[in-house]
Amino acid sequence: MYLKYNKLLFPLIFLIFAFSANAQDVLPFPPTPSASKPGVTIETSSYQKREDPKRLPDDAPNILVILIDDVGNGFPTTYGGEIHTPTLDRVAENGISYNRFHTTAMCSPTRAAILTGRNHTRVGNGQISAIANDFDGFSGIIPKTSATMAEVLKAYGYNTAAFGKWHNTPEDQITSKGPFDYWPTGYGFEYFYGFLAGEASQFEPTMVRNTTFVDHPETSGGNDHYHLSEDIADDAITWLREQKAYAPDKPWFVYWAPGASHGPHQVMKEWADKYKGKFDDGWDAYRKRVFENQKKLGWVSENAKLTPRAETMASWESIPENEKPFQRRLMEVFAGFTEHADTQAGRILDEIEAAGELDNTIIFYIWGDNGSSSEGLYGTISEQLAQNGIPTKISEHISALNDIGGLDVLGSALTDNMYHAGWAWAGSTPYQGTKLQGAYFGGTRNPLAVSWPKSIKPDGKPHSQFHHCIDIAPTVYELLDIQHPNVVNGFTQDAMDGISLAYSFNDTKAKGRRSTQFFDIMASRGIYHEGWFASAPGPRTPWVGGIPKGIKEWSPLTDTWELYHIDEDWSQANDVSAQYPEKLEEMKALFLTESAKNKNLPIGGGLWSTALYHPEDAPAPNRTEWVFNHPISNMPESTAPKLDKVSSLVEMEVDVPENANGVLYALAGMGGGVTCFFKDNQLHYEFNLFMVRRTKIQSKTIKPGQKKISIESKLIDKIGGPIDVVIRVDGKEVASGRVPNGMSLHFTSNATFDIGTDRDSPVSLDYHKEAPFSFNGTIGETSIKYINM
Ligand SMILES: [Ca+2]
């Protein structure tokens, strides 16, 4: 059993759970046989309605997992930071907090680990699905041999639902034609509303309900605007109300994961304005202030040290004065965006409370699926620039921003902004490092608050047992007395890696039960063992743009390791590898053993299909020709023709009307993309290079009538280099031009390819106000093929 509960509750809970256990080794449960005995006639038959046995205790709790994206330990006011988090406060005050809880340091890996209770590499999620490869630990697919919590709870009689960011479906399987085995509804969630990618526009997202692409509502949260975090709170509230009305006898499991606070950082201006002037002193000063608060609150140990800034990261002082307003505003937007997401989580709590369910709902509020993200590098109006390795100057960002309205536009639908890495590091206070670093707690140490008024006694003192996100699912199973099944849907199950942390719920001082844990994200790795931690930062520094120096010669066998005695050295401030060489060797050997046990081989396997090694092996459609005999919409970018990334020819049969207006085709969105459209009978082509450079080509007036329109894009040199574009009508050139720089990876994560319209986030500012700007003529066949250079 799971507890050392307070004395009053203990006997009661023990009784309830001890006598209602209904553990089962094979799921789903077999159908209940009929209790009626048919004779030849009804008169000779006995009739008794079958009753399904109860699988769960009468008062099985509801379970709510709240998972915020890309937020570090140093941000929430709850634990000493400076971003207001009233909902996290509420959960922490009603329950308990863990200050040595850990994630994997990256999105999909942490999500896969939470959902399955297994290490990320055991379930194929050594890194995100966009750069999956063929090694088992990095396949980007959670195998059916590791059932998710949703699958197990559903079998036991829970209603299950997921909202918001998913990011655990293979990239090549996310069109509306599936297959859907690896979508949320294929993993045990009876309902899903959200987006499948790693990030989305907050104002113009491509949304999915269950397995169908849908339009998001016009407004959200009772406001006259739309915002994704509000929308998924609205939808969760509706789902909870229906659940209570339709199936009041069933408990529920809700997984609520907003896109916030991943890039792009987008929120209504008034939320960003709440933080006006709050961060004027920069990130170095932020860390000092927050560290003092953390000490005062007892969130970090008394002897904890504030780790210094890495040499590779800019000091606030080094930022030119004329760029500081830009950098400050980026942080104000992030802070508003983050508070807004936490506030939406609060609306869900309000709903649960109003339904009288809060007392018996266990809430796991996980503050961050990894540490704060430094992927915005030097501050940006378009965060995908960095992912594509395109070097730009801050002055270009500021200039492009000034063209569309200046600083106040940051956070709006017109920019995909993301803050300077220095702010991410501030969010890691007091630790070293950021997201993507398995070696340091700045990547992996995320606060966890748990409340369950019925059974957990609130305790303001942090719990310091060393735990990991794989421990959530086993905790839930222990609370419900569910023995993890050996077979689910016919698949023999993998061993569980997680261990329950319920033993510590009502015992702050309980001795931690997790003795070992490995960490590895793209070869930034670490191993915890009984109070010690060994770290190898690996070949990449996430806040340094471009190709890492020495990457070609890098080998995990010759990497430099650091050693920290974290029982005494809270924040990994003091590398003692020189003092304890034998201990370090022992830890390195343990890391290899754990890696072998958990499919974390080869070391650095997550780097395989990145731009550094074999980008050609990244998931991509295995085709070079497409024929669309009708207009289409919502073909996810990752599954669509890579227009203008490789040389391509688009040929369209178009009936051009008088006063022709609207989009012929559009790939991706406001963050970056390519579009071809009519405006007042003139043909326009635009290549939007991540908002900072737009190349526009325009024809003279095209006469009405049936036309064959072709757009030829030829790479002159290589992927990412210049592109020559020629537009022809009935074989005759009507416009041409050169795009000075192409794109080398992708434009967006979550936007789509459309023909005849530009849904959701529009590519061009020239029709942003009229989006989706559907074409007012008729489009027949569109054929697309890659052409040889
Ligand atoms: Ca994340």
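This report walks through a predicted model, from its domains down to single residues.

**Domains**

The protein is split into three parts: domain 1 (62–376 + 417–512), domain 2 (521–615) and domain 3 (621–786). Between the C-alpha centres of domain 2 and domain 3 there are 44 Å. An unreviewed UniProt entry carries the annotation "domain: Sulfatase N-terminal" for residues 61–482. In the model, this span is 31% helix and 13% strand. Its end C-alpha atoms lie 13 Å apart.

**Two sheets**

Strands of a sheet pair through backbone hydrogen bonds, either parallel or antiparallel. One open sheet has 9 strands, in the order E3-E13-E10-E2-E9-E5-E6-E7-E8, and its pairing is mixed. Strand E3 (96–98) and strand E8 (212–214) are the edges, and each pairs on one side only. From one strand to the next, the twist averages 15 degrees.

Another open sheet has 6 strands, ordered E21-E32-E23-E28-E29-E30, with antiparallel pairing. Here the edge strands are E21 (625–628) and E30 (732–739). Neighbouring strands of this sheet are turned by 10 degrees against each other on average, direction ignored.

The table takes one strand pair from each sheet.

| Strand pair | Sense | Bridges |
|---|---|---|
| E2 and E10 (residues 361–366) | parallel | 6 bridges |
| E23 (residues 648–656) and E32 (residues 778–786) | antiparallel | 7 bridges |

Each pair can be followed down to residues. Ile-66 stands opposite Tyr-365 in E10. Glu-651 stands opposite Ser-783 in E32.

**A helix that is enclosed**

How many residues of helix H3 (residues 107–116) are buried? The count is 10 of the 10, so the helix is largely enclosed by the rest of the structure. The buried residues include Cys-107 and Ser-108 at the start of the list, and Leu-115 and Thr-116 at its end. Arg-111 is buried too.

What covers these residues? The cover includes strand E2 (62–67), helix H4 (149–156), helix H13 (472–479) and strand E17 (516–521). E2 also belongs to the sheet of 9 strands. Just after H3 comes Gly-117, with a positive phi of about 75 degrees.

**Two helices that cross**

Helix H2 (residues 86–94) and helix H8 (residues 324–354) also meet. Their axes come within 7 Å and cross at roughly 50 degrees. H2 and H8 are therefore oblique to each other. On the H2 side, the residues that meet H8 are Pro-86, Thr-87, Leu-88 and Arg-90. On the H8 side, they are Asp-342, Thr-343, Ala-345, Gly-346 and Leu-349.

**One residue up close**

Met-207 lies in strand E7 (residues 207–209). E7 is one of the strands of the sheet of 9. Is Met-207 buried or exposed? Met-207 has 22 C-beta neighbours inside 10 Å, and the cut-off for buried is 20 or more, so this residue counts as buried.

Which residues does Met-207 touch? Leaving aside neighbours within four places in sequence, Met-207 is in contact with Gly-194, Phe-195, Val-214 and His-216. Val-214 falls in the edge strand E8 (212–214). Phe-533 is 326 residues from Met-207 along the chain, and the C-alpha atoms of the two are separated by 41 Å.

How values were computed:
Residues are numbered from 1 along each chain as its sequence is written. This is a predicted model: local features need pLDDT of at least 70, side-chain atom pairs count only at pLDDT 80 or more; totals for chains, interfaces and linings use all residues. A residue is buried if 20 or more other C-beta atoms lie within 10 Å of its own, exposed if 12 or fewer, and partly exposed in between; C-beta atoms are placed from the backbone. Helices (H or I, at least four residues) and strands (E, at least two) are DSSP runs, numbered from the N terminus. Two residues are in contact if their C-beta atoms, placed from the backbone, lie within 7 Å. Domain bounds come from an automatic or database domain assignment. Two strands pair if DSSP finds at least two bridges between them. Axes are lines fitted to C-alpha atoms, for helices over the stretch in contact, and angles run from 0 to 180 degrees between N-to-C directions. UniProt positions are given in the numbering used here, feature names are shortened, and annotations may be inferred rather than shown by experiment. Angles under 35 degrees count as roughly parallel, over 145 as roughly antiparallel, 65 to 115 as roughly perpendicular and the rest as oblique.
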